[in-house]
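Student: I should like to understand how descriptive terms are justified from atomic positions. Please set each value against its definition.

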Number of protein chains: 2
Amino acid sequence: MLSVKEAQAKVLENVRPLRAQPLGLGPAVLGLVLAEDVTADLDMPPYDKSMMDGYAVRVADVALGRAELRVIEEVSAGQTPRLPVEPGQATRIMTGAPLPVGADAVVIVERTKVIDGGTVRIEDKPPSLGQNILRRGREMRVDEVILARGARLRPQELGLLATVGRVIAQIQPAARVAVLSTGDEIVEAPDKPGPSQIRNGNGPMLMAQAARAGGIPKYLGLARDRLDSLRPLITAGLEADVLVLSGGVSAGKLDLVPGVLAELGVEAVFHKVAMKPGKPVFFGTHTHSPKGTNLVFGLPGNPVSALVCFELFVRPAIRGLMGLDPGPNIVTAILTEDFTYRTDRPTYHPAVLVSEKGGWKVRAVPWFGSPDLRGVAAANAFVVFPAGDHVYHAGAELEVLAVED
Amino acid sequence: MLSVKEAQAKVLENVRPLRAQPLGLGPAVLGLVLAEDVTADLDMPPYDKSMMDGYAVRVADVALGRAELRVIEEVSAGQTPRLPVEPGQATRIMTGAPLPVGADAVVIVERTKVIDGGTVRIEDKPPSLGQNILRRGREMRVDEVILARGARLRPQELGLLATVGRVIAQIQPAARVAVLSTGDEIVEAPDKPGPSQIRNGNGPMLMAQAARAGGIPKYLGLARDRLDSLRPLITAGLEADVLVLSGGVSAGKLDLVPGVLAELGVEAVFHKVAMKPGKPVFFGTHTHSPKGTNLVFGLPGNPVSALVCFELFVRPAIRGLMGLDPGPNIVTAILTEDFTYRTDRPTYHPAVLVSEKGGWKVRAVPWFGSPDLRGVAAANAFVVFPAGDHVYHAGAELEVLAVED
């Protein structure tokens with residue numbers, strides 16, 4: 001049986017980044033990856049610019065730090081100075097305004113006093129050349145690459161792109177993720193379960209996990225454990241970049257999913273991984289798609305199995321398709337309380353992970369196994385216990401799967 | 001002048017969580033806060049349930065670990081057993097299926113062998129009572145609170161809510177955040193700036209920051225430095241929970257924003273904070289709103305000032321309105337490279353923050369001041385340098401403002 005690391009490597013071998021698309025730049029592309037080099041279409045600032053409110057002066061006039069100068073003009077941001085500053089003169093200037101010809105420093109307004117309508121008195125340290133001035137092209141020069149292909153779009157990148165006039169850019173799009181729940185024993189949330197039924201918690205959970213991973217989730221509905229129910233829904237799911245099924249993959253007699261997937265041209269890459277919960281997890285690829293290979297995951301129906309398998313295998317695939325660091329985010333943490341655990345396979349146990357001065361600390365939370373989603377609602381991570389009977393003492397170092405908050 | 005911490009406290013004093021609303025449960029409510037206690041409407045599991053594929057047996061029949069039992073029935077998840085298991089009998093059972101009356105353990109299928117169509121041979125350790133069985137009500141009992149008011153909605157919480165039949169719940173809604181850019185020197189991204197103009201990078205950046213903080217951003221447009229332009233746009237902005245303006249708040253002659261805000265009934269709480277960049281930041285409240293107090297922030301127009309002030313003051317307000325931990329996320333990190341810095345106010349300097357074994361590490365990046373958004377595009381945090389002339393050596397501990405990725 002594959003280890004988790006081997007299985008993750010097999011998933012990533014089959015991930016090719018999605019083709020870039022021209023997308024409008026706004027909050028909807030936050031977190032996506034730029035797929036082109038973007039150059040400046042102008043010098044920024046386009047002129048020598050005052051960085052403070054004050055007076056534009058000639059350094060030579062204020063060599064001792066004190067001077068009385070005649071104010072010839074006032075310039076605000078958005079205006080253009082009309083007059084050069086000659087010896088003995090100054091221009092009242094606002095933050096962001098262009099520096100007048102002749103001036104070579106700005107004295108901040110707090111160091112000045114208007115002594116009559118036309119004259120200002122300066123009392124300051126001697127100014128340095130270029131003081132409080134941002135020189136033309138200091139931020140960027142025309143044709144310079146200001147953001148390179150591969151940059152992740154955060155608020156500052158969206159600000160920069162607007163600054164150079166971009167409202168559309170080539171971007172790696174978000175992966176489309178189809179979610180399909182399966183099982184005769186399942187009813188949807190609005191329905192009352194019969195005596196041998198349970199409600200579908202996995203559908204809403206996996207939709208939310210897909211969205212949190214950066215994908216665009218689409219819910220396909222609930223398939224029954226019959227070929228005529230599974231076939232059309234799986235066929236619809238193969239239109240997406242990623243198809244995530246829950247249920248129908250363990251070794252039970254009615255677990256029909258792998259057979260239907262094979263019939264529809266999905267090639268199995270693995271089916272079973274040495275882990276707990278989640279051992280029956282299935283991964284396959286569909287290469288007949290006109291849009292390129294799509295990726296198919298069959299997750300066990302127990303909610304915590306489905307959640308953990310999504311974080312370990314599906315999330316890295318979604319992020320890889322989008323050109324992002326696939327993760328998963330594994331950290332080494334120090335156990336804060338003794339814990340005894342016995343397991344035949346490496347086990348992902350719900351835990352609370354906190355960052356403290358000195359590093360990550362982790363504490364396992366009470367949990368009774370793969371159906372127990374309430375244990376996971378009290379957690380923000382999974383501590384990994386290796387196979388075997390172990391007594392872990394406070395202070396032990398363990399690997400932890402951190403889950404996005 | 002207020003310190004950053006004092007100013008943050010004044011913001012939070014004026015934040016009242018938004019009124020809860022009934023919202024549909026789906027990916028759109030991810031990260032929001034539940035505003036009611038949710039109880040189970042059923043026992044989960046609703047019956048004693050097999051946790052494995054195998055055979056439901058009577059422990060007494062397999063006391064030595066070996067037995068040959070007559071298979072009387074087969075039960076899958078979603079089905080109900082019809083026959084009780086009598087001594088000498090077993091029922092083939094699938095994961096998730098209800099346990100038949102009489103059985104008190106499940107032996108996994110891997111430890112069994114069908115020796116003819118009607119008989120199974122078991123070779124295992126002696127089973128323990130209840131082995132591989134999840135007892136009725138072990139996950140939750142009817143009327144038990146399974147998720148309490150205040151829970152943050154993550155995928156596992158959405159799964160749990162579906163499990164108890166919820167498709168709508170009382171939730172603290174996302175804050176509506178209006179963004180207004182101001183300034184005569186600004187043109188929008190699609191336009192070519194004239195000789196003394198620059199493009200509006202702050203609008204798209206602040207929209208993205210509002211979305212990243214969890215708010216619902218709305219762009220109001222660009223106001224000119226004139227009363228007849230500012231008034232109607234600010235009036236429109238006061239419809240939102242939070243109004244964020246950029247530009248127009250420093251001490252320059254044309255900085256009209258505080259005056260218009262006062263005229264429209266916004267009460268100033270502070271105007272200026274001892275920090276760099278961002279000193280002229282304005283915060284006020286508008287109590288005449290029919291929906292309750294709304295919060296108004298005037299951010300300086302320089303892009304990095306606007307970005308830092310948003311993270312330090314606006315983001316905590318948005319999160320507080322939504323019932324979330326307001327932050328900001330300040331960590332103590334160890335400087336990895338010597339750095340010399342001279343500043344007259346506590347300065348937020350762009351930096352790269354990484355989590356390593358042993359804790360947070362930080363490195364300042366090259367940066368020339370508040371207009372330099374490119375420096376911030378190379379960063380994921382701001383290291384805080386206290387006022388004064390300082391030489392910091394590698395190994396020094398400094399506070400760092402971590403910015404959401």
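Student: Why is Glu73(A) called buried?
Tutor: Its relative accessible area is 9%. Buried means under 20% relative accessible area, exposed means over 50%, and partly exposed lies in between (1.4 Å probe, protein chains only). Glu73(A) therefore counts as buried. This is a predicted model, in which local features need pLDDT of at least 70 and side-chain atom pairs count only at pLDDT 80 or more, while totals for chains, interfaces and linings use all residues. Residues are numbered from 1 along each chain as its sequence is written, chains are lettered from A and ligands numbered from 1 in the order in which they are written, and side-chain values use heavy atoms, with hydrogens and water left out.

Student: What makes the pair Glu73(A) and Arg82(A) a salt bridge?
Tutor: A salt bridge is a side-chain nitrogen of Lys or Arg within 4 Å of a carboxyl oxygen of Asp or Glu. The side chains of Glu73(A) and Arg82(A) meet at 3.6 Å, N to O, and this satisfies the definition. Arg82(A), with 67% relative accessibility, counts as exposed.

Student: How do you know that Arg176(A) and Asp241(A) form a salt bridge as well?
Tutor: Their distance, N to O, is 3.1 Å, so the limit is met. The pair links distant parts of the chain, 65 residues apart: Arg176(A) is in strand E14 of chain A, and Asp241(A) is in the loop between helix H4 (227-237) and strand E18 (242-246) of chain A. Helices (H or I, at least four residues) and strands (E, at least two) are DSSP runs, numbered from the N terminus. Asp241(A) is buried at 11%, whereas Arg176(A), at 32%, counts as partly exposed.

Student: What does the salt bridge between Arg212(A) and Glu311(A) tie together?
Tutor: The two side chains meet at 3.0 Å, N to O. Arg212(A) lies in helix H3 (residues 202-212) of chain A and Glu311(A) in helix H6 (residues 303-321) of chain A, so the pair joins parts that are 99 residues apart in sequence. Both Arg212(A) and Glu311(A) are buried. They belong to a network of salt bridges that also links Arg315(A) and Glu404(A). Over all chains, a search of the whole structure finds 42 salt bridges.

Student: Which side chain makes a polar contact with that of Ser181(A)?
Tutor: The partner is Asn200(A), at 3.0 Å. A polar contact is a pair of N or O atoms within 3.5 Å; within protein, one must be able to donate a hydrogen and the other to accept it, and residues adjacent in sequence count only if both atoms are side-chain atoms. Ser181(A) is found in strand E14 (residues 176-182) of chain A, and its relative accessible area of 2% makes it buried.

Student: What can be said of Arg166(B)?
Tutor: Arg166(B) lies in the loop between H2 and strand E13 (168-172) of chain B. It counts as partly exposed, because its relative accessibility is 24%. A polar atom of its side chain lies 3.2 Å from the backbone oxygen of Ile168(B). Contact means heavy atoms within 4.5 Å; beyond its neighbours within four places in sequence, the residues in contact with Arg166(B) include Ala189(A) and Leu25(B). Arg166(B) and Leu25(B) are 141 residues apart in sequence, yet 7.7 Å apart in space, C-alpha to C-alpha.

Student: How many salt bridges are counted between chain B and chain A?
Tutor: The count is eight. One of the pairs whose side chains meet in a salt bridge is Asp41(A) and Lys192(B), at 3.5 Å, N to O. The largest share of the side of chain B that touches chain A, eight residues, comes from H2(B). The contact takes 87 residues from chain B and 86 residues from chain A.

Student: Why is helix H3 (residues 202-212) of chain B described as largely enclosed?
Tutor: Nine of its eleven residues are buried, so H3(B) is largely enclosed by the rest of the structure. Among them are Asn202(B), Met205(B) and Arg212(B). Just after H3(B), Gly214(B) takes a positive phi of about 105°.

Student: How many disulfides does the search find?
Tutor: The search of the whole structure finds zero over all chains. That is, no pair of cysteine sulfur atoms lies within 2.5 Å, as the definition of a disulfide requires. Cys309(A) has 0% relative accessibility and counts as buried; Cys309(B), at 0%, is buried too.
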